Amino acid sequence: MSFTEHNINGLIYDTADGLSAVGGIRHAFTTRLGGVSPAPYDSLNFFEQNGDTWDNVSQNYRLLGDAAGLDMSRAVGNRQVHGDVVRFIRQEDAGKLRWDERPYNADALITDVPGLPLVAYSADCCTVLLGAPGTVGAVHAGWKGTALGVVGKAVAAMENRGVKPSAVHAAIGPCIGACCFETDADVPDAIRAALGTDAEAFIERRGEKYHVDLRQINRLWLLRAGLEPQNIELHPDCTACRLDRYWSHRVLGMRRGGQIAVIALEEET
Ligand SMILES: [Zn+2]
């Protein structure tokens, strides 16, 4: 299983083959390519809180929706706070997407309502899309969310609603790789405290600093939550290495755009 690049009139996004194979699900991991926003948000930007206009951002949502077959006028976002709260999204939440209209402080959204695209934002942090027949989820996990195991909590929330973890497929999107995620001891300390020695293989000490593989640590949480190894896909790209394709908070600071991961159950026809 791997990822497939889609280029729709210059708008480029990726899909995970395993999630596509579940059936009844549409999803996308966006790049910075193919939107309308000017520099430094060029061009497929989904962050409105860094200075880009809502006109540009909303046009980017429309373009993505047209390209990927998603009704982004019904999409739901959240105020991401690097925590581990999981929200269940209902029909009445449709369209709560603008930063100042998002009602949720949450880093994971799940739903069983068709036609409600769930959005996770990132510019280095991991995004994780979850899909099983009849239920989907979108998770944001930076290092704090990764240490808190937010992705495992999202799977547990799906399980509480009757979804077997063995039926869940997961795709971890483009994020900062161990190559570029250099940290002080606080990051490995938090991750070791949560996961014990299992995390050791994904923490490398280099002198006074550490390099941490957030993707692999989120994969570990997914395995602990009961997912089958063959149902977990990891995107190969590092956002900090690939500024031609993504924005990176670590490299660019606040003068940048942001990408999203989005997933929805298809509406029954
Ligand atoms: Zn890198």
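## Helix H4 and its surroundings

In this predicted model, helix H4 spans residues 150–160, and because 8 of its 11 residues are buried, H4 is largely enclosed by the rest of the structure. The buried positions in H4 are Val150, Val151, Gly152, Lys153, Ala154, Val155, Ala157 and Met158, so that a lysine is listed there alongside nonpolar residues.

The cover over these buried residues includes strands E4 (86–88), E5 (108–111), E7 (126–132) and E8 (135–141), together with helices H3 (143–148) and H6 (214–224). After H4 comes glycine 162, which has a positive phi near 95 degrees.

## The nonpolar core

In soluble globular proteins, nonpolar side chains tend to be buried together. The largest nonpolar core here has 84 residues, and Leu118, Leu130, Ala138, Val139, Ala154 and Val262 are those with the most contacts inside it. Leaving aside residues up to four places away in sequence, valine 262 touches His27, Ala28, Leu70, Ala75, Pro117, Leu118, Val119 and Ala138.

## The five-stranded sheet

An open sheet of 5 strands is arranged in the order E1-E2-E3-E14-E6, with antiparallel pairing. Its edge strands, E1 (3–8) and E6 (118–122), each pair on one side only, and the twist from one strand to the next averages 25 degrees.

Strand E1 is joined to strand E2 (residues 11–16) by 6 bridges, the two running antiparallel, and isoleucine 8 has leucine 11 of E2 as its bridge partner. Helix H2 (residues 54–68) lies across E1, E2 and strand E3 (25–30), and runs at about 55 degrees to E2.

Definitions and conventions
Residues numbered from 1 in each chain as written. Predicted model: local features only at pLDDT ≥ 70, side-chain atom pairs only at ≥ 80, totals over all residues. Core = buried A, V, L, I, M, F, W, Y, C linked by C-beta atoms within 7 Å. Buried ≥ 20, exposed ≤ 12 C-beta atoms within 10 Å, placed from the backbone. Contact = placed C-beta atoms within 7 Å. Helix = DSSP H or I, 4+ residues; strand = E, 2+ residues; numbered from the N terminus. Pairing = 2+ DSSP bridges. Axes fitted to C-alpha atoms, helices over the stretch in contact; angles between N-to-C directions.
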